[in-house]
Amino acid sequence: MQVTGQSLIGSQAVLSTGKPIQALNPATGAFIEPAFRGCGAEELDRACALAAAAATAFRNTPLQVRANFLETVATEIEALGHALIERCMLESGLPRARLEGERARTCGQLRLFASVVRTGEWLDVRIEPALPERQPLPRSDLRLQNIAIGPVAVFGASNFPLAFSVAGGDTASAFAAGCPVVVKAHAAHPGTSELVGRAIQTAVSKCGLPEGVFSLLFGTGNELGLALVSDSRIKAVGFTGSRSGGMALMKAAQARPQPIPVYAEMSSINPVFLLPDALQQRGAALAEGFVASLAMGAGQFCTNPGLVVGVRGTALDTFLHAVAQAVSGVGAQTMLSPGIHAAYNDGSGALAGHARVRPVGQGAAAEGPCQCQARVFVTAASDFLEDEVLQREVFGATSLVVECEDWAEVERVAQSLEGQLTATLLMDESDLEKAAQLLPVLEEKAGRLLVNNWPTGVEVCHAMVHGGPFPATSDARTTSVGTAAIQRFLRPVCYQNLPQALLPEALRDGNPSGVSRLVGGTRMVPASA
Ligand code: NAP
């Protein structure tokens with residue numbers, strides 16, 4: 001399949017006429033043909049109108065049909081073959097193996113959501129039968145189920161051009177919930193976006209769904225994104241990117257006459273705590289694991305370990321020495337885009353130039369354009385606690401080690417942290433007491449707590465939480481990875497005293513949908529489930 005530079009609006013492919021968008025090969029700086037054009041108000045209006053027109057029919061599709069659609073999207077993405085991987089390598093600078101793995105994750109999560117849709121558990125059906133004889137007042141028949149929230153705007157993320165972009169986690173979870181999706185493509189990988197968008201378009205058509213279930217728009221300079229979030233037909237937003245971008249979209253969503261939820265995943269430094277006995281016993285091994293996690297993918301993971309906290313002493317010195325050695329062996333890696341590269345150099349440079357921060361070690365210097373030099377710095381906890389600038393995310397392979405005077409200061413550092421996606425404890429069994437002290441603090445700070453694992457590497461499964469208090473995300477009650485992500489795009493509706501013929505199928509007597517239901521407070525699981 002050829003990349004044409006067209007936007008996809010319902011079943012149509014349209015050559016837009018707005019601002020030019022041209023993909024850049026970050027490894028060489030060369031432009032990649034063809035040029036794309038930003039969408040204007042007319043295209044946005046058409047995509048939103050189609051999405052709104054498709055919303056009722058799509059949310060009422062039988063579970064089997066919607067599950068089949070998700071699986072067809074996965075099959076169509078796989079059918080793109082090498083062309084998709086090659087285009088994505090050119091646009092992102094990411095290596096083949098990483099992108100093949102990411103494609104497998106993308107298709108795997110679409111199929112996982114299909115299996116979730118089929119179970120119907122996410123409907124959360126609750127039935128309270130009528131109590132006509134109840135005194136002093138009778139009770140009506142009450143039945144609850146979740147329904148799709150309506151059309152969702154999805155912002156493709158730059159750092160997962162497949163797994164968190166056009167057909168990524170936000171789109172998969174919105175489709176699973178029964179929501180049409182309008183994607184605003186990330187300008188760093190427009191060709192990849194078009195190819196995946198065409199795969200979705202084909203799946204919509206093959207499954208006989210209304211064309212407005214999916215549209216893909218291109219734009220830069222914030223205008224299109226803000227207009228999309230402000231459109232009254234959009235009912236929720238999924239976003240992964242910068243803190244400033246997420247905040248701008250949240251403000252736009254709140255300023256609407258009818259405000260809507262924005263599920264933005266923004267910035268996190270993913271603190272790692274070195275517990276004393278583990279540090280003493282295996283500091284050098286921990287250092288190697290830390291540097292491997294830090295340097296993976298040029299550090300361009302939202303779960304990158306950007307902060308390490310330990311108690312000053314010879315064990316921490318040994319750890320730092322081993323970190324310096326390990327990081328010196330890290331080669332320069334191409335980053336995703338000139339913008340991300342420039343932001344990395346600014347953030348890393350700010351740490352290098354900070355009066356209270358010392359270098360620990362660094363990797364090979366950049367040779368090509370957009371290359372990231374891995375760097376580790378150290379600062380005293382008292383300085384860290386005084387200067388909130390030191391808590392800022394540096395997106396890339398840079399991390400800061402915080403030296404505490406004693407364990408009480410480690411706890412103060414933990415207390416001072418902003419919201420995080422992850423918090424990690426590196427511990428031995430003999431560290432259990434200190435870990436137990438820290439855990440309640442970290443539960444308040446992060447969406448995922450790890451022991452003796454590294455935070456990079458997010459499993460797509462039923463038990464994953466990729467979320468956390470602000471600024472990690474805009475809404476700590478949810479996750480953007482894993483099947484629980486479907487909850488973001490649902491809302492509960494209670495049907496009071498409705499005749500059987502008007503009730504949604506899953507709420508009818510006899511349970512024709514065969515879903516698990518809470519009836520009068522008792523969980524009723526169909527025999528086939
Ligand atoms: P970004 O600048 O936030 O852009 C992401 C998307 O949001 C783009 O489609 C962009 O559209 C839109 N956008 C950004 N600011 C906007 C605004 N003020 N109003 C309306 N739309 C806006 O993210 P990025 O390009 O991927 O990377 C930039 C920085 O974000 C990185 O250096 C890194 O610090 C951070 N980042 C963090 C994560 C994470 O997971 N924590 C992931 C990726 C990036 P336009 O093209 O129209 O601006």
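1. Let's start with the largest cavity in this predicted model. Its lining is made up of Tyr-263, Ala-264, Glu-265, His-466, Gly-467, Thr-473, Ser-474, Asp-475, Thr-478, Thr-479, Ser-480 and Arg-488. Sort those residues by class and you get two nonpolar, seven polar and three charged. The volume of the largest cavity comes to about 70 Å³. If you go hunting for others, the structure has three cavities of 30 Å³ or more. As for how such spaces are found, rolling a probe the size of a water molecule over the atoms shows where empty space is left.

2. Now for a pocket. The second largest pocket holds about 430 Å³ of space, and 20 residues line it. Want to find its centre on your screen? Look for Arg-59, Asn-60, Thr-61, Leu-63 and Glu-505, the lining residues that lie nearest to it.

3. Which helix and which strand each supply at least two residues of that lining? They are helix H2, residues 63–79, and strand S6, residues 142–148. Strand S6 gives the largest share, with four residues. By class, the lining of the second largest pocket splits into ten nonpolar, six polar and four charged residues.

4. On to the ligand. A shell of 24 residues surrounds it, and Ser-158, Asn-222, Ser-242, Met-266 and Cys-302 are the closest of them. The shell divides by class into eleven polar residues, ten nonpolar and three charged.

5. Here are some polar contacts to click on. Ser-242 uses its side chain: an N or O atom there is 2.6 Å from an oxygen atom of the ligand. Asn-222 uses its backbone instead, with an N or O atom lying 2.7 Å from a ligand oxygen. At Glu-393, a polar side-chain atom sits 3.3 Å from a nitrogen atom of the ligand. How much of the ligand's accessible area does the protein cover? On its own the ligand has 860 Å² of accessible area, and the protein covers 84% of that.

6. Where does the shell around the ligand come from? Strand S10 (236–240), helix H8 (243–255) and helix H11 (338–352) each supply at least two of its residues. Helix H8 makes the largest contribution, at three residues. At the level of domains, the shell draws at least three residues from domain 1 (7–19 + 36–266 + 478–487) and at least three from domain 2 (271–451).

7. Two prolines deserve a look for their peptide bonds. The bond from Glu-33 to Pro-34 is cis, with omega near -5°. Pro-34 belongs to strand S4, which runs over residues 31–37. The bond from Phe-470 to Pro-471 is cis too, with omega near 5°. Pro-471 is in a loop, the one between strand S20 (446–451) and strand S21 (490–496).

8. Last, a backbone angle. What is the phi of Cys-370? The value is positive, about 65°, although Cys-370 is not a glycine. To find Cys-370, go to the loop that links strand S15 (357–362) and strand S16 (371–372).

Key:
Residues numbered from 1 in each chain as written. Predicted model: local features only at pLDDT ≥ 70, side-chain atom pairs only at ≥ 80, totals over all residues. Heavy atoms only, no water. Near = heavy atom within 4 Å. Polar contact = N/O pair within 3.5 Å; in protein donor to acceptor, adjacent residues only side chain to side chain. Areas by Shrake-Rupley, 256 points an atom, 1.4 Å probe, with all protein chains shown as cover. Nonpolar A, V, L, I, M, F, W, Y, C, P; charged D, E, K, R; others polar. Domains from an automatic or database assignment. 1 Å grid on protein atoms, 1.4 Å probe; cavity = no way out; pocket = protein on both sides within 12 Å on 5 of 7 lines; lining within 4 Å. Points joined across faces, edges and corners; volume = space filled by probe spheres on them.
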